Amino acid sequence: MLLGGHRGNPDECPENTLASFQSAIDLGVDLIECDVHRSEDGRLPVIHDHLLDRTTDGSGLVRDHSMAELKRFDAGSWKDPRFTGERIPSLDEVLALAKGRVGVAIEIKNLPLPYAGIEEAVVQAVNDAGMVQEVVVISFDHRSIKRIAELEPQMLTGVLEASRPVDILRVMDDAEADVFCPHWASIEPETAEELHAAGKLIGVWTVDDPVSLAWSKALRANAIYTNKPREIRP
């Protein structure tokens, strides 16, 4: 069972920053998970929210700023003064940090605000980094995942779900997805067995305590994503 750092190591560092990803890598994770939007000039900033307000000293929509403008905001001091000066990284920077060290789960944040062309931009970035075999692209927007699969069939893709679909294999097939990525409490061992029997992988989130870890083991999940990579060990 692979260990993924959800937004890096957000328990100890400002989420989705290079400091957070480096900390998770230092703690021995197998994967880092990051969230990708599209800037006004078509770049791929790594930040969770559509708004800047929660995790930076900026405000407003990510999509309304160029990458250069986004780089001016402080993305670290909200967590702790010692992280003052941490910046919003680009996907290129995150991939460069991870290459040859850990895999990368890239979540496309295409809902509720869509980004035209984000799938093509993500595939281009991964290809430019030479990391097609080291990346999985995931999203709650299953149309985005289907588009990724069409653009780069060799890349692993996954659908995010917060609840159990009526026909889980139909959802997977419609999106041409390889990995089912549910909240840990919204899947049970019978469903996990159904997915495994169909040759699908399972990556669950967010596993931050002994109960969710024990349940993930019962599911025989292929990967878990945690906010606490120092504490959670598969």
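Q: Which residues of helix 6 are buried?
A: In this predicted model, the buried residues of helix 6 (residues 168-175) are Ile 168, Val 171, Met 172 and Ala 175. Buried means under 20% relative accessible area, exposed means over 50%, and partly exposed is in between, with a 1.4 Å probe and protein chains only. Helices are DSSP runs of H or I with at least four residues, strands are runs of E with at least two, and both are numbered from the N terminus.

Q: Anything I should know about the model and numbering?
A: Residues are numbered from 1 along each chain as its sequence is written, and side-chain values use heavy atoms, with hydrogens and water left out. The model is predicted, so local features need pLDDT of at least 70 and side-chain atom pairs count only at pLDDT 80 or more, while totals for chains, interfaces and linings use all residues.

Q: Back to helix 6: why do its buried residues line one face?
A: Looking down the axis of helix 6, they fall within an arc of 95°, so they line one face of the helix. The arc is that of the directions from the helix axis to the C-beta atoms.

Q: And what do they pack against?
A: Helix 5 (142-151), strand 5 (156-161), strand 6 and helix 7 (189-197). Contact here means heavy atoms within 4.5 Å.

Q: What's the phi of Glu 176, just after helix 6?
A: Glu 176 takes a positive phi of about 55°.

Q: Switching to helix 7: is Thr 191 buried or exposed?
A: Thr 191, which is found in helix 7, counts as buried because its relative accessibility is 1%. Leaving aside neighbours within four places in sequence, Thr 191 is in contact with Arg 164 and Ile 168.

Q: OK, pockets. What's the volume of the largest one?
A: About 240 Å³. Of the 18 residues that line the largest pocket, Leu 2, Leu 31, Val 136, Leu 156 and Tyr 225 are the closest to its centre. A pocket is an open set of points on a 1 Å grid over the protein atoms alone, with protein on both sides within 12 Å along at least five of seven lines; a cavity is a set where a 1.4 Å probe fits but cannot get out, and lining residues have an atom within 4 Å of a point. Points are joined across faces, edges and corners, and a volume is the space filled by probe spheres set on them.

Q: Which strands each supply at least two residues of that lining?
A: Strand 3 (103-108), strand 4 (135-139), strand 6 (179-182), strand 7 (201-204) and strand 8 (223-226). By class, the lining of the largest pocket has 13 nonpolar, four polar and one charged residues. Ala, Val, Leu, Ile, Met, Phe, Trp, Tyr, Cys and Pro count as nonpolar, Asp, Glu, Lys and Arg as charged, and the others, Gly among them, as polar.

Q: What about the second largest pocket?
A: The second largest pocket holds about 150 Å³ of space. Its lining has 14 residues, with His 6, Glu 33, Glu 107, Leu 160 and Trp 205 nearest the centre. That lining divides into six nonpolar, three polar and five charged residues.

Q: Last one: where does Asn 110 lie, and what does its side chain contact?
A: Asn 110 lies in the loop between strand 3 and helix 4 (118-129), and its side chain makes a polar contact with the side chain of Asp 141 at 3.0 Å. A polar contact is a pair of N or O atoms within 3.5 Å; within protein, one must be able to donate a hydrogen and the other to accept it, and residues adjacent in sequence count only if both atoms are side-chain atoms.
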